[in-house]
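This report describes how one helix sits against its surroundings and how the nonpolar interior is assembled. Please consult the sequence and the structure alongside the text.

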Amino acid sequence: MRYEISEKGNCTILQINEERFDAKLAPQFRAEIESVMNTMSPHLVLDIGAVRFMDSSGLGAVMGVYKLLRDKKISVANPQKPVRDLFKLTRMDRLIKTYDSVDAALTTSV
């Protein structure tokens, strides 16, 4: 999985640099989160601007991380229209807030 992790204030930003977030990527995503979860800030922002396609496996991986990180806030930033529509269709946007940009996600309080 190609990604970048950065810290800004009380937020950890995980930028996923893949076009597809599917069954191939989902296990790697979860493993990466598990390896850094103890050093993460209280707010995790998933920057998925590069992701053009997400299937149920990708959605399941995001939901698994949501459950794994119960003591942290999780936001999604920069979703492209198909991914945003998937979040709305499955009502995951009610659990995990989506924002048009990383900066918008960063301005929310923890």
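## Helix 3 and the nonpolar cores

In this predicted model, the buried residues of helix 3 pack against strand 5 (53-54), helix 2 (56-68), strand 6 (73-77) and strand 7 (97-99). Helix 3 spans residues 81-89, and its buried residues are Val-83, Arg-84, Leu-86 and Phe-87. These lie on the same side of helix 3 because they cover an arc of only 155° around the axis. In general, an α-helix has 3.6 residues a turn, so residues three or four places apart point the same way. Lys-81, Pro-82 and Leu-89 are exposed on the other side of helix 3. After the helix comes Arg-91, with a positive phi near 65°.

The nonpolar interior is divided into separate cores, summarised below.

| Core | Size | Residues named |
|---|---|---|
| Largest nonpolar core | 26 residues | Most contacts inside it: Phe-21, Phe-29, Leu-44, Leu-46, Met-54 and Val-62 |
| Second, separate core | 8 residues | Including Cys-11, Ile-13, Ala-77 and Val-102 |

Val-62 is among the residues with the most contacts inside the largest nonpolar core. Leaving aside neighbours within four places in sequence, Val-62 is in contact with Phe-21, Phe-29, Leu-46, Met-54, Phe-87, Met-92 and Ile-96. Of these partners, Phe-87 is one of the buried residues of helix 3.

Several elements contribute to the largest core: strand 2 (11-16), helix 1 (26-36), strand 4 (43-47), helix 2, strand 6 and helix 3 each supply at least two residues. Helix 2 gives the most, with 5 residues.

Technical notes: Residues numbered from 1 in each chain as written. Predicted model: local features only at pLDDT ≥ 70, side-chain atom pairs only at ≥ 80, totals over all residues. Heavy atoms only, no water. Buried < 20%, exposed > 50% of the residue type's maximum accessible area, 1.4 Å probe, protein only. Helix = DSSP H or I, 4+ residues; strand = E, 2+ residues; numbered from the N terminus. Arc of directions from axis to C-beta. Contact = heavy atoms within 4.5 Å. Core = buried A, V, L, I, M, F, W, Y, C linked by side-chain atoms within 4.5 Å.
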